[in-house]
Amino acid sequence: MPTDKAEYTAPDSGAKTAAAAQKFETEHLEMSMGPSHPSTHGVLRLNLELDGEIVKMCDPVLGYLHRGDEKIAENMTYNQFVPYTDRLDYLAPLANNAAYAMAVEKLANLEVPERCQAIRVLTTELARISAHLLGLGAYSMDVGALTVFMITFTEREKLYKLFEDLTGARFTTSYTRIGGVTRDMPDGWMDRVLTFCEEFLPLLDDVEALLARNRIWFDRTADVGVISKEDAVSYGLTGPNLRGSGVDVDLRRDAPYSGYENYEFEVPLGEKGDCYDRYAVRMEEMRQSVRIVRQAIDKMPEGPFYAEEATKIFAPNKGKILTSMEELIQNFMITTEGPDMPAGEVYFEAENPKGALGFYIVSKGGGVPYRLKIRGPSFNNLSILEKVCVGGMVSDIPAILGSLDFVMGECDR
Amino acid sequence: MLAHDLKSALQEVCPQLQERETLDWPAFNCPIASLFVVVKTLRDNHDFDGLMDATAIDNGTEASPRFTVVYHLFSSKNHNYLRIAADCHDDESPSAPTLCPLFKSANWMERETYDLFGIRYEDHPDLRRILMWDEYPYHPLRKEFPLAGFEEELWDSEIAAETGTKVKPAPMAGGPFVARQSTFEGDREPIAKDESWNEANEKPE
């Protein structure tokens, strides 16, 4: 990591500004960046006020992707909402599915079997790798390094093939149900995951070789978009963006869920909190995810993949539904009325690729939530734009946006 | 710190503080007038340095107090959460004190709550809508607001005049299939709310 690098200034910028100030009255320019802009990765609009190339004010405009997920959740059973969680952070649907299921299981005070927990850890970490691969590819493409995008997308494609084999869908996986997962892993699937890990790590080194000592990458990211520790905490940043600023919080380690306490992994931290640090943190997180994936496969417990005793929450085995009256009734009740939930309130946050995805569930009993609030990490991660963009150049904005690695699906919900 | 230690510590700044029913983290009900000072005490003396989530609950159109604001605080030192809830006084035009001076993250989350529930945050520096557009007249997460939404004028009058389009309620045929808590057998099956398009009626053009 460079420490002796001088602060970047455009050539002769000081002299030019001074000359311009003598002759002309400068005027601030209002510019709208987005909602359809390649570097806004979705539909984010930034209302900018510019003084030449310098950003004087940045006002993000959200809501272009607002679908009212929280309102929809109040009108359907807990299991019906699982497909909607795919569309929150649509780059890591497996992680969202698991986070949502764990939040509702916390409400039901339901302990899922060890195998189910391990499968969720495994899929969450694979989703993390795939989300970081896309984030990194798009980030590097925005600042001019196109080759990285080609490599990461090829790897991501392999992961999607694995997801398809596991869940039947590439993107919208809807893999979890309240109390378990939809199906067990197919035969030989774990071996294919291990093969992927084997091939993936050398390619990650290639990507690092393309970026880590690349002068252009340095100039575009080092000392750009610096977020201090205090700001990162106060703005509610989570995930790699928070750790990039050097704040040592990782919910997987600090508030373990789904058996994360059984895995060994490091939590990478940044030093300065600039765009380069956030890139470096993500890079290392992928390696740690591979480490967790290998441990999960190594220690994969045998047993059921759903909570068999929770007959009022998880629909029974399909074969039994068609042959046994009791199971048929049980399936009918869970499908129509929803899983049987106690009244009460829970708040659960899971460490997702983009940060802490939180679900606050208010239940009055029965199968439908009274209120379900989704805390999308990207929402908070973007709120810092008003601070971090100001004072920088317009050309820094794609680097900052790329390094924050946001997804509008969970920001606008 | 255990919940009852925290409670006695907080009751020094706010004697009316009550424990709130919860299934996970410690939770407290506090009068809305002392919300700010309670959260400030939590932040300064009890290491709760992050405001992770700020939202509200609509307790129903008939209920009073109707709106409850809920905050989730996180301590990055002790890695635990805390829930603080406060009932808003006025059911017609609810308001709550802003937490923006304490946490920068409160800014956007309070804007969102204002947008979706219509709770005004006093002294908020920038209380605009954030998810819906500025001219939108409703607050969608209130319980009386229908799932499909209302028909509404387009926000840009120029485009509206030229194209004659309006903001239309979402089509409910084909889903989302809604389930309601009900004791009546016939209501139990998840059904689409809109009956304009089903087996008996043709799909409208």
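This report walks through strands, helix packing, a chain contact and some backbone oddities in a predicted model.

**The three-stranded sheet**

Let's start with the sheet in chain A. Three strands line up in the order 1-2-3 to form an open sheet with antiparallel pairing. Strand 1 (29-33) and strand 3 (54-61) of chain A sit at the edges, each pairing on one side only. On average, neighbouring strands of this sheet are turned by 20 degrees against each other, direction ignored.

As background, strands of a sheet pair through backbone hydrogen bonds, either parallel or antiparallel. Here, strand 1 of chain A and strand 2 (residues 45-51) of chain A share five bridges in the antiparallel sense. Strand 2 of chain A is also joined to strand 3 of chain A, by seven bridges, and these two run antiparallel. If you want a residue to follow across the sheet, try E49(A) in strand 2 of chain A: E30(A) stands opposite E49(A), and E49(A) in turn stands opposite M57(A) in strand 3 of chain A. Strands 2 and 3 of chain A make a hairpin with two residues between them, and G52(A) in that turn has a positive phi of about 65 degrees.

**Two helix pairs**

Next up is helix packing in chain A. Two packed helices are described by the angle between their axes and the distance between the axes.

How do helix 6 (residues 146-167) and helix 7 (residues 189-211) of chain A cross? Their axes come within 10 Å and cross at roughly 170 degrees. Since angles over 145 degrees count as roughly antiparallel, that makes helix 6 of chain A roughly antiparallel to helix 7 of chain A. The crossing of helix 6 and helix 7 of chain A is left-handed. On the helix 6 side of chain A, the residues that meet helix 7 of chain A include V148(A), I151(A), L159(A) and L162(A); among their counterparts in helix 7 of chain A are W189(A), F196(A), F200(A) and L203(A). By class, the residues of this contact between helix 6 and helix 7 of chain A split into 13 nonpolar, two polar and five charged.

The other pair is helix 5 (residues 114-142) and helix 17 (residues 396-404) of chain A, which pack at about 175 degrees with their axes 9 Å apart. Helix 5 and helix 17 of chain A are therefore roughly antiparallel to each other. In this contact, A138(A), Y139(A) and D142(A) of helix 5 of chain A meet P398(A), A399(A), G402(A) and S403(A) of helix 17 of chain A. Those residues come to four nonpolar, two polar and one charged.

**Where the chains touch**

The contact draws 43 residues from chain A and 37 residues from chain B. On the side of chain A that touches chain B, the elements giving two or more residues include helix 4 (93-108), helix 14, strand 6 (341-352) and strand 7 (355-366) of chain A. That side of chain A holds 16 nonpolar, 16 polar and 11 charged residues.

Helix 14 (residues 325-337) of chain A also passes a quick geometry check: at 1.5 Å a residue, its 13 residues should span 18 Å, and its end C-alpha atoms are 18 Å apart, which agrees.

**Backbone oddities**

Here are some backbone angles to look up in the structure.

| Residue | Place | Angle |
|---|---|---|
| G338(A) | just after helix 14 of chain A | positive phi, about 90 degrees |
| G52(A) | turn of the hairpin of strands 2 and 3 of chain A | positive phi, about 65 degrees |
| D405(A) | loop between helix 17 and helix 18 (408-412) of chain A | positive phi, about 50 degrees |

D405(A) takes that positive phi although it is not a glycine. Over in chain B, a cis peptide bond joins S64(B) and P65(B), with omega about 0 degrees. P65(B) lies in the loop between strand 3 (50-58) and strand 4 (67-74) of chain B.

Terms used
Residues are numbered from 1 along each chain as its sequence is written. Chains are lettered from A and ligands numbered from 1 in the order in which they are written. This is a predicted model: local features need pLDDT of at least 70, side-chain atom pairs count only at pLDDT 80 or more; totals for chains, interfaces and linings use all residues. Helices (H or I, at least four residues) and strands (E, at least two) are DSSP runs, numbered from the N terminus. The expected span of a helix is 1.5 Å times one less than its number of residues. Two residues are in contact if their C-beta atoms, placed from the backbone, lie within 7 Å. Ala, Val, Leu, Ile, Met, Phe, Trp, Tyr, Cys and Pro count as nonpolar, Asp, Glu, Lys and Arg as charged, and the others, Gly among them, as polar. Two strands pair if DSSP finds at least two bridges between them. Axes are lines fitted to C-alpha atoms, for helices over the stretch in contact, and angles run from 0 to 180 degrees between N-to-C directions. Angles under 35 degrees count as roughly parallel, over 145 as roughly antiparallel, 65 to 115 as roughly perpendicular and the rest as oblique. A crossing is left-handed if the near helix is turned anticlockwise from the far one by less than a right angle, and right-handed if clockwise.
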